Amino acid sequence: MEYKKIEIEPHTTILSTEWNQAKNIMSKYPKEDIYCKYRANKIEVFLRQLDFYAFKKDVEQAAKNNPKLDFLLRIFEAIDRIKSYGIKNGKRLYVEYDAEKKVLHREEKEKKRSVAFYAVESGFEKQNQALPISFENQIICGDSEQVLKDIPDNCIDLIITSPPYNFGLDYAQSQDDYHWQHYFDKLFRIFEECIRVLKYSGRIAINVQPLYSDYIPTHHFISNFFTARKMIWKTEILWQKNNYSAKFSSWGSWKSPSSPYFKTTWEYIEVFCKGDLKKQGKKEDIDITEEEFKKWVNAAWNIAPERNMDKFDHPAMFPEELVKRLIKLFSYQNDVVLDPFNGAGTTTYVAKILNRRFVGIDISEKYCQTARERLRSLLVV
């Protein structure tokens, strides 16, 4: 019979009388569910399934009656930290709970299907290199298509960006109502450079909102572009804007199936990897917590929109929380983060706070100056 084994070191040596009391409490639970051994000053817990809340009640009462049995609480706390389990007959099942869901010979079948088949034989250079010091922690004013050409291949760890939506918004020094073909041609020339400068196993995360009034699924166009260039699609995150109310003046065909107009309260974040899904890094440079990880890998993010757009005089900023999640999920401390549409500098600002190096590029000197001022504000104690 298979068990999950947990080892616990008690704070003090457990006397035989205390261990016998603990064994009496544990005897209430079948050995095929859980049993313990005590040897070499370590408690070994063999766990298969458990009436979790009954166990919690028993050990808490035992420790209350005899504080020397507090090691039972440590056993419970160790079990409580296990967040992957099934439910069977009212008990938490900790082993083989997903046996019915497992695909037999999964690896062989994945190989046969070809995981990310569109990215096979990508030809990406695997040798990464350091970002030249002249670009490190810089806000650069210029056209990203041209500026990126000066950055070497394979030197950026993570790209986070939100390109202009082409909705006709009033960006400083930038047109936002191009003909769609012109818009995509320009955008994709910039993304070609982004792929080139991205490290092997680096990631790119793109926040985008389709223009439903023009029936342009921008996120699909962008995904098709990247997969066609053998980038591996990692995920699509829905950024739900909480109480944000979509503002439309028309319902389309009111009360008619002729052509109803759909309102949305979310945007998309498309994430791609270059060459490899797994990014290597030092364990000590990981700064995402257990709770953050468990919460954020749910790909529906409820984050309120940026509230300070008037302050920064920018019509379409993503919030700092969104950038924080992307940086901590997809990069290590001291990695290099690039935003080729840096705008008012949210990406570079959060990157600095999270101990990442950065490069921000924007065509507007006004926004570049705003981004620099935000960075300088971090130096003020």
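The exercises below work through parts of a predicted model, each with a solution in steps.

Residues are numbered from 1 along each chain as its sequence is written, and side-chain values use heavy atoms, with hydrogens and water left out. In this predicted model, local features need pLDDT of at least 70 and side-chain atom pairs count only at pLDDT 80 or more, while totals for chains, interfaces and linings use all residues.

**Exercise 1. Strand pairing around β3**

Find which strands pair with β3, and in which sense.

Solution.
- Terms: strands (E, at least two residues) and helices (H or I, at least four) are DSSP runs numbered from the N terminus. Two strands pair if DSSP finds at least two bridges between them.
- Step 1. Strand β1 (residues 4–8) pairs with β3 through five bridges, in the antiparallel sense. Glutamate 7 is opposite glutamate 44 of β3.
- Step 2. β2 also pairs with β3 in the antiparallel sense, over six bridges. Here cysteine 36 is opposite valine 45 of β3.
- Step 3. The hairpin of β2 and β3 has two residues between the strands, and alanine 40 in it has a positive phi near 55°.
- Step 4. Five of the six residues of β3 (residues 42–47) are buried, where buried means under 20% relative accessible area, exposed over 50% and partly exposed in between (1.4 Å probe, protein chains only).

**Exercise 2. An open sheet**

State the strand order of the open sheet of three strands, then locate its edges.

Solution.
- Step 1. The order is β4-β6-β5, with antiparallel pairing.
- Step 2. β4 (49–50) and β5 (86–88) each have a single partner strand and stand at the edges, so one side of each has no neighbour in the sheet.
- Step 3. Between β5 and β6 (residues 91–93) there are three bridges; glycine 86 has leucine 93 in β6 as its bridge partner.

**Exercise 3. The two sides of helix α2**

Check the length of α2 and sort its buried and exposed residues.

Solution.
- Step 1. Helix α2 (residues 52–65) has 14 residues, which at 1.5 Å a residue should span 20 Å; its end C-alpha atoms are 20 Å apart, in agreement. The expected span is 1.5 Å times one less than the number of residues.
- Step 2. Phe52, Phe55, Asp58, Val59, Ala62 and Ala63 are the buried residues of α2. Down the helix axis they fall within an arc of 130°, so they line one face; the arc is that of the directions from the axis to the C-beta atoms.
- Step 3. The face turned away from the buried side carries exposed Tyr53, Lys57, Lys64 and Asn65.
- Step 4. Elements covering the buried residues include α1 (16–26), β2 (34–39), β4, α3 (70–80) and β6, where contact means heavy atoms within 4.5 Å.

**Exercise 4. Aspartate 157**

Decide whether aspartate 157 is buried or exposed, and find the polar partner of its side chain.

Solution.
- Step 1. Aspartate 157 belongs to strand β8.
- Step 2. Its relative accessibility is 2%, so aspartate 157 counts as buried.
- Step 3. Its side chain makes a polar contact with the side chain of lysine 279 at 3.0 Å. A polar contact is a pair of N or O atoms within 3.5 Å; within protein, one must be able to donate a hydrogen and the other to accept it, and residues adjacent in sequence count only if both atoms are side-chain atoms.
- Step 4. Beyond four places in sequence, the residues touched by aspartate 157 include Leu198, Arg203 and Asp335.
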